[in-house]
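Student: Before I use a model like this one, I would like to learn how to read its features one at a time. Could you take me through them?

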Amino acid sequence: MEYSAPRGTQDITPDESGLWQHVESVIRQTMALCGYSEIRTPIFEHTEVFERGVGATTDIVEKEMYTFRDRGDRMITLRPEGTAPAVRAYVEHRMASRPQPTKLYYIGPMFRYERPQAGRYRQFHQFGMEVIGVAGPAADVEVIATPLDIFRALGITDVTVNLNSIGCPVCRPGYRNLLKEVYAPVLPQLCPSCQSRYERNPLRLLDCKSQECRGYMPDPPPIFEYLCPECAQHFSEVRRLLDKLGVEYVLNPRLVRGLDYYNRTTFEYTVGGIGSQDAIGGGGRYDGLVEELGGQPTPAVGVACGMERCVLAMKAGADAKRFAGGVDVFFVSLGERAAERVFELAFQVRSQGVSADFDMMGRGLKAQMRYADKVNAKFVAIIGDNEIDRGTVALKDMSTGEQREVPMAGLASMLREGR
RNA sequence: GUGGGUGUAGCUCAGGUGGCUAGAGCAUCAGAUUGUGGCUCUGAGGGCCGUGGGUUCAAGUCCCAUCACCCACCCCA
C-alpha cells in the first residue's frame, strides 16, 4: 500500500527546501537585527489556553481546532496560532521579571481544520513577533513595519497594509450599541451567521463578506471616529509614526480580526497574485491577553505571517533552483584504486571545512562528470592512477571549464580560498 | 460546512463516435571505442489508465458509487 500525506498537508521536497531555508534565514536575520529572541513552544497545548486566549466564540476555537483527549484524559489542542502559546510561556516563565520589554519571535507549524484551498492548508507555517510590556505606539509600529522589511527582502512586492483601530473596553461598548441600533431594522434580512453575530459579537458584522448582507448593511460609521480620547490619541500616534517611517497603509474600518484578544490597533497585509487567500499576515494589540492567561495586566502587540503564502508570493519572481545547494568539490575517480583514495580525500577535506561529495555508484568518468554538473559542484577533482602516482589531482572549475593539476596536499585550503 | 471542476508514467499532458502488445515531451538510467560536464544523437526502465461495481463479445473511453486532488464560498496566515 502506498500512502499520501494527509489532506491539507504538504511535503517540502528537496526541490523546495532550499527556498524555505532562505525564507527562514531572512526572518531570523531580521529578528536579530531588531532585538527579538526566539521562543519555541510545544506544538500542542492544553485546550483551555486557546479557548481563553483566542476566544471561545471565534471560528478558530468553535470549528477549526485539532482537539483530542490524550491517554491521560487531558484535553489537548494542536496549536492553531502562536500568540496564545507565547503569552502562556511569558506568564509561566515569569518573563516580566526580565529586562522589559519582552520581544519574542517564533517560526513553526500551526494547525487548523479548514477546507484546503490554494494558499490554505491544515498544517501551515507562521512566523510571528510579539512585543510584551509596551503600551506606547512605537511597539505597534515596529510590529507593523518589520514584516514589510522581510517581505521586501524576499522580493515580495504588491503588499497592502490595511489598518484599523477597534477601540478598547471603554469605548467599544458604545460603538457596539450604535451598530446594533443601525442594523436592527435589517436584521431579519441578514444571513444566519450574521444574525448570530448580531447577538454574540456585533463588531464582526462588519466582517461579513456575503454580498447579500452587504447590500442590506449600509456602510457603518467608521469605528475609529467613535474611539475614546485615549484610543483616538494612540491611533493617531500610530499613524503619525507610520508616516514618519514612510509606511503606506489604507484605513479599513471593516477590518475586524477573527481573534477576540485584539484591542486598539489591528492590521492585515494583503498581496496580489496568490489567489483568493491573499492575507499574508496580520496582527494587532492585545492588552488584555496576558491577564486573561493568568499574568499581571500587561500591554502587548504582535503580528503573524503565513510562510506558505510568502513562498507563493515569491514564486512569481523567484525560481526555487536559485536556492538549491551544491558542494564545493566533487571527486571523480577512475578505477578501484582511485575510488578508495577519493573516499578518503572527501572525508579529509570535509574535516577541513570544505563541502565535498564523491561517486558511490561506481559510474564511469563521463557519468560522474554529468552528475557533478547536475548537482552544482563548483569544482571537480579528478583522480586516476596518474594523479595518485604524482600525488596530485586534476582540478576543474565547473563554471569556467579551466583545469589544472595541483598537489593533493594543499587541496582543502586552496578550495577554501577559491570559493 | 456549501458549491463547481479534475483524476492516464516521477512531472506536463495526448489518447474522435468503446476494438489489436496504452503514447509524447521533460526527468531518471545506460551508451555514442583512448581520462572530462552543459549541446546533440541512440537505447532502456517505469503505468492493474484513482478505486470498486455495472453495461458489452470487448471499457482508458459509456453508467453508478466511492475516494483523492484542485478552485471558489466561508474563514484566515
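The dialogue below moves from confidence to sheets, then to backbone details and empty space.

Student: What mean pLDDT does chain A have, and where in chain A is confidence lowest and where is it highest?

Tutor: The general caution is that where pLDDT is low, the predicted coordinates should not be read in detail. This is a predicted model, and chain A has a mean pLDDT of 89, with 92% of its residues at 70 or more. Within chain A, helix α8 (residues 211-216) has the lowest confidence, at a mean of 62, whereas strand β1 (residues 37-38) has the highest, at 98. For the complex, the predictor gives an ipTM of 0.84 and a pTM of 0.90.

Student: How should I read a sheet, and in what order do the strands of the open sheet of 3 strands stand?

Tutor: Begin with the order and the sense of pairing: this open sheet runs β2-β4-β3, and the pairing is antiparallel. β2 (44-46) and β3 (66-69) are its edge strands, and because each has a single partner strand, one side of each has no neighbour in the sheet. From one strand to the next, the twist averages 30 degrees. Looking at one pair in detail, β3 and β4 (residues 75-78) run antiparallel and are joined by 4 bridges, and Tyr 66 has Leu 78 in β4 as its bridge partner.

Student: Which strands stand at the edges of the open sheet of 5 strands, and why is one side of each left without a neighbour?

Tutor: That open sheet has the order β13-β12-β14-β15-β16, with mixed pairing. Its edges are β13 (356-358) and β16 (403-407), and each has a single partner strand, so one side of each is left without a neighbour in the sheet. Neighbouring strands are turned against each other by 30 degrees on average, with direction ignored. Inside the sheet, β14 (residues 379-383) pairs with β15 (residues 392-397) in the antiparallel sense over 4 bridges, and Ala 381 has Leu 395 in β15 as its bridge partner. Helix α13 (residues 365-374) lies across β12 (329-333), β13, β14 and β15, and runs at about 170 degrees to β12.

Student: Turning to the backbone, which residues does a cis peptide bond join, and where is Arg 94 found?

Tutor: The cis peptide bond joins Gln 100 and Pro 101, with omega at about 0 degrees, and Pro 101 has its place in the loop between α4 (83-92) and β5 (102-111). Arg 94 is found in the loop between α4 and β5, and its phi is near 50 degrees, a positive value in a residue other than glycine.

Student: How does one find empty space, and how many cavities of 30 Å³ or more are found in the whole structure?

Tutor: The general idea is that rolling a probe the size of a water molecule over the atoms shows where empty space is left. Here the search finds 1 cavity of 30 Å³ or more, and about 40 Å³ of space lies in the largest cavity. Its lining includes Leu 345, Gln 348, Met 408 and Ala 412, with α12 (336-351) giving the most, 3 residues. By class, that lining has 6 nonpolar, 2 polar and no charged residues.

Student: Which residues are closest to the centre of the second largest pocket?

Tutor: The second largest pocket holds about 470 Å³ of space. Of its 24 lining residues, Arg 172, Arg 176, Asp 260, Tyr 261 and Tyr 262 are the closest to its centre. The lining of this pocket divides into 10 nonpolar, 5 polar and 9 charged residues, and its largest share, 3 residues, comes from α6.

Definitions and conventions:
Residues numbered from 1 in each chain as written. Chains lettered and ligands numbered in written order. Predicted model: local features only at pLDDT ≥ 70, side-chain atom pairs only at ≥ 80, totals over all residues. Heavy atoms only, no water. Pairing = 2+ DSSP bridges. Helix = DSSP H or I, 4+ residues; strand = E, 2+ residues; numbered from the N terminus. Axes fitted to C-alpha atoms, helices over the stretch in contact; angles between N-to-C directions. Contact = heavy atoms within 4.5 Å. 1 Å grid on protein atoms, 1.4 Å probe; cavity = no way out; pocket = protein on both sides within 12 Å on 5 of 7 lines; lining within 4 Å. Points joined across faces, edges and corners; volume = space filled by probe spheres on them. Nonpolar A, V, L, I, M, F, W, Y, C, P; charged D, E, K, R; others polar. pLDDT = per-residue confidence, 0-100.
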